[in-house]
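Subject: Structure for you to look through

Hello,

Here is the structure I promised. Please open it alongside this email and follow the residues as you read.

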Amino acid sequence: MALALVAGGRAEVSALHAELPRWGLVVWTAGNVSARVRCAEQIGTDLMVIKPSGVSYDDLSPERMVVCDLQGRKIVDGTPERLTPSSDTAAHAYVYAHMDRVGGVVHTHSTYATAWAARREPIPCVLTMMADEFGGEIPVGPVAVIGDDSIGRGIVEVLDGHRSPAVLMANHGPFTIGADARQAVKAAVMCEEVARTVQIAREGQDGGKNVQALDPSLVDGLYDRYQNVYGQH
């Protein structure tokens, strides 16, 4: 069963990486998608599948996806030995290890969301779309070192108990989470869309003076409707 789950995870993560350039969220080899593989028959042995480091999006395939444990260590499972996991692996692994509800993590350097991160400024909830998707503002996380679990610690610190599935890591860029990898990709797409829209609104003729945050009670109602009523169930 575990082997089948891993194979399915590799196929899914490989396919979802195509969504990042499709929506204009990455350039060159930047960015990554990962998915948790829940190994239910062995409690505490969940794995994760993630993009290999520095490999072009055009060259990705299920066979090239790297499987790791939740300490970020590569599992020898048929992946070419020369392929190492993404430089963000430790961050993704930390999130999975400390937020059991998370089944997918995405990182991009999408232009508008990263510009807000560069300013260390949260994106205010001024759109009903934001209330629906994020339940409020998109928060900012701390400056963190790339390559170890510092970024993961920052993500967990900000998003644990927060309704937003996105965080803007200061001077770095957005990270998003979801119940599965597809939901995390959706959050990354929507994060960039609202970052762009709110930025354009702030550059209007009045200098953004009329860009007002939504009333919290309205945000709560919109979020509840979208999360629990909207769509097919």
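I begin with one histidine and work outward. His17 touches Asn32, Val33, Lys51, Tyr57, Leu60 and Met65, leaving out residues up to four places away in sequence. Keep in mind that this is a predicted model.

**His17 and Ser14**

His17 sits in helix H1, which covers residues 2-17. Its relative accessibility is 1%, so His17 counts as buried. The side chain of His17 has a polar atom 2.9 Å from the backbone nitrogen of Val33.

Ser14 is in helix H1 too. With 13% relative accessibility, under the 20% cut-off, Ser14 also counts as buried. Beyond four places in sequence, Ser14 touches Leu60, Ser61, Pro62 and Met65. Leu60 and Met65 are therefore contacts of Ser14 and of His17, by the 4.5 Å heavy-atom criterion. Arg120 is a long way off in sequence and space: 106 residues from Ser14, and 31 Å from C-alpha to C-alpha.

**The nonpolar cores**

Which residues touch the most other members of the largest nonpolar core? They are Leu20, Val33, Val106 and Val185, in a core of 24 residues. Four elements give two or more residues to this core: H1, strand E1 (32-37), strand E2 (47-50) and helix H7 (181-202). H7 gives the largest share, five residues.

Val33 is worth a click. Apart from residues up to four places away in sequence, Val33 touches Val13, Leu16, His17, Leu20, Val49, Ile50, Lys51, Val105, Val106, Ala181 and Val185. There is also a second, separate core. That one has 22 residues, including Val66, Val95, Met99 and Phe175.

**Leu25**

Leu25 lies in the loop between H2 and E1. Is Leu25 buried or exposed? Its relative accessible area is 2%, so Leu25 is buried. Leaving aside neighbours within four places in sequence, Leu25 contacts Leu20, Thr108, His109, Ser110, Ala188, Val189 and Glu192. Glu192 is 167 residues from Leu25 in sequence, yet their C-alpha atoms are 7.6 Å apart.

**H4 against H7**

Helix H4 spans residues 111-118. The axes of H4 and H7 come within 7 Å and cross at roughly 70°. The two helices are therefore roughly perpendicular to each other. H4 passes H7 in a left-handed crossing. On the H4 side, Thr111, Tyr112, Ala113 and Trp116 make the contacts. They meet Cys191, Glu192, Ala195, Arg196, Val198, Gln199 and Arg202 in H7. Glu192 thus appears in two places, since by the 4.5 Å contact criterion it meets H4 and contacts Leu25.

**H6 and its cover**

Why is helix H6 (residues 150-159) called largely enclosed by the rest of the structure? Because seven of its ten residues are buried. Those residues are Ile151, Gly152, Gly154, Ile155, Val156, Val158 and Leu159. Their cover includes helix H3 (89-98), strand E5 (140-141), E6 and E7.

H3 and H6 pack at about 40°, with their axes 7 Å apart. That makes H3 oblique to H6. H3 passes H6 in a right-handed crossing. Ala91, Tyr94, Val95 and His98 in H3 meet Ile151, Gly152, Arg153, Ile155 and Val156 in H6. Val95 also belongs to the second core. Just after H6, Gly161 takes a positive phi of about 90°.

**Two backbone oddities**

Most residues other than glycine have a negative phi. Two residues here go the other way.

- Trp28 has a phi near 55°. Trp28 lies in the loop between helix H2 (19-22) and E1. At 79% relative accessible area, Trp28 is exposed.
- Asn171 has a phi near 60°. Asn171 lies in the loop between strand E6 (166-169) and strand E7 (173-178). At 45% relative accessible area, Asn171 is partly exposed.

Trp28 and Leu25 make a good pair to view together. Both lie in the loop between H2 and E1. Trp28 is exposed, whereas Leu25 is buried.

Best wishes

Notes
Residues are numbered from 1 along each chain as its sequence is written. This is a predicted model: local features need pLDDT of at least 70, side-chain atom pairs count only at pLDDT 80 or more; totals for chains, interfaces and linings use all residues. Side-chain values use heavy atoms; hydrogens and water are left out. Buried means under 20% relative accessible area, exposed over 50%, partly exposed in between (1.4 Å probe, protein chains only). A polar contact is a pair of N or O atoms within 3.5 Å; within protein, one must be able to donate a hydrogen and the other to accept it, and residues adjacent in sequence count only if both atoms are side-chain atoms. A nonpolar core is a set of buried Ala, Val, Leu, Ile, Met, Phe, Trp, Tyr and Cys residues joined through side-chain atoms within 4.5 Å. Axes are lines fitted to C-alpha atoms, for helices over the stretch in contact, and angles run from 0 to 180 degrees between N-to-C directions. Angles under 35 degrees count as roughly parallel, over 145 as roughly antiparallel, 65 to 115 as roughly perpendicular and the rest as oblique. A crossing is left-handed if the near helix is turned anticlockwise from the far one by less than a right angle, and right-handed if clockwise.
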